[in-house]
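Work through the exercises below with the sequence and the coordinates at hand, and try each task before reading its solution.

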Amino acid sequence: MKADSILMHKEKNIVAVRAANGDATVIQVFDMEGSKKITQVQIADSTVFWKWIGLNKLAVVGKNSVWHIDASQQSEPVKMFDRAPQMATCQIMNYDMDAAGQWCFVVGLYSPDNKNIQSQMQLYNIERKQAQILEGYAGCFMDLPLTVGNSSYKNSLFAFCEKKANESVHRLHIMEIGNPAPGAQKFKINAEITMAPDAIGDFPVLMQVAPKYGVVFVITKLGYLFMYETSKAALIYRQRITDQLIFVAVRNMSTDGMICVNKAGQVFAINVEDQNLVKFVMAAQHIPDAKNLAITMASRYGLAGADDIFISQF
């Protein structure tokens, strides 16, 4: 089979190979260490995007539908849902599924006038088989303890960056997609994303959660990094890290940061200084009620930097 594309597994020495077969796609998965083929499937759709979304799960976004493949054994691909008509002209940028396997989203960009870039996002609930169309540019799922007075309960959340076609403002939305803690209301918050003055026409392209710190990273097309605290959607930090487009990023499992690659081939490591994060937030004049937010972060995530305050309160 002559391959059109090859996709390496994120953690294992496994490689997926795909090739077009008319309007269909043939996908083979190989165990490189064992020198054997694990599976071969054919999808009745032409592939426009694919991605590993788990240790044994390969997601394929076709021209018409979204498919999941069990890459651990020989089995038939499963069609998850059809792409919404609003997504027909989009260039697919990302796809992901939450940890519980109940929600997924696909996002794509399009240009209605060959000048301005706009976005469509299809958020899909697998159990209810229901879709919601959002004007989102980037998104991510997360499980974080955001319930006041109940730090042991992890809220299942979806965060996304949105800009409506008739508006100029980008907004960060964080909303609960699972069941709230007993006696609590569903969590929901949003905040305006303030783009840099020199970043005309900029928009988010990548998002990643750092559960260890309760923060979300947002990277824009023009190379700006934003870091938000999730419970208040508070901007902690903004800095331009490159003048080249960052086209791929993954979570650094050892530091809970990000590893990114830009168009020039440069590799970036984005990490949080866990000994200084709380102190930085506490001293930040641009964050409303910064002291209490810093204390909350230290308490929820076991971070250093607020020990003296805890002792004085005790």
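**Exercise 1.** In this predicted model, locate Q118 in the secondary structure, and decide whether Q118 is buried or exposed.

*Solution.* Begin with the secondary structure, where Q118 is found in strand β11, which covers residues 118-125. Next take the relative accessible area of Q118, which is 16%; because buried means under 20%, Q118 counts as buried. Finally, list the surroundings: leaving aside neighbours within four places in sequence, Q118 is in contact with G108, L109, Y110, P112, Y137 and A165.

**Exercise 2.** Describe the largest pocket by its volume, its lining residues and the strands that contribute to that lining.

*Solution.* The space in the largest pocket comes to about 1,800 Å³. Its lining holds 49 residues, and K51, N94, D96, Q208 and A249 are those that lie nearest the centre. Sorted by character, the lining has 33 nonpolar, seven polar and nine charged residues. Turning to the strands, at least two lining residues each are supplied by several of them, including β1 (5-8), β5 (47-52), β9 (91-97), β17 (204-210) and β21 (246-252).

**Exercise 3.** Which residues of the largest nonpolar core touch the most other members?

*Solution.* Among the 54 residues of this core, M207 and F217 touch the most other members. The largest share of the core, six residues, comes from helix α2, residues 290-301. Apart from this core lies another, of 16 residues, with F49, V61, I92 and C104 among them. As a last step, inspect F217, whose contacts beyond four places in sequence include L206, M207, L225, F226, M258, I270 and V272.

Note on methods: Residues are numbered from 1 along each chain as its sequence is written. This is a predicted model: local features need pLDDT of at least 70, side-chain atom pairs count only at pLDDT 80 or more; totals for chains, interfaces and linings use all residues. Side-chain values use heavy atoms; hydrogens and water are left out. On a 1 Å grid over the protein atoms alone, a cavity is a set of points where a 1.4 Å probe fits but cannot get out, and a pocket is an open set with protein on both sides within 12 Å along at least five of seven lines; lining residues have an atom within 4 Å of a point. Grid points are joined across faces, edges and corners, and a volume is the space filled by probe spheres set on the points. Helices (H or I, at least four residues) and strands (E, at least two) are DSSP runs, numbered from the N terminus. Ala, Val, Leu, Ile, Met, Phe, Trp, Tyr, Cys and Pro count as nonpolar, Asp, Glu, Lys and Arg as charged, and the others, Gly among them, as polar. Buried means under 20% relative accessible area, exposed over 50%, partly exposed in between (1.4 Å probe, protein chains only). Contact means heavy atoms within 4.5 Å. A nonpolar core is a set of buried Ala, Val, Leu, Ile, Met, Phe, Trp, Tyr and Cys residues joined through side-chain atoms within 4.5 Å.
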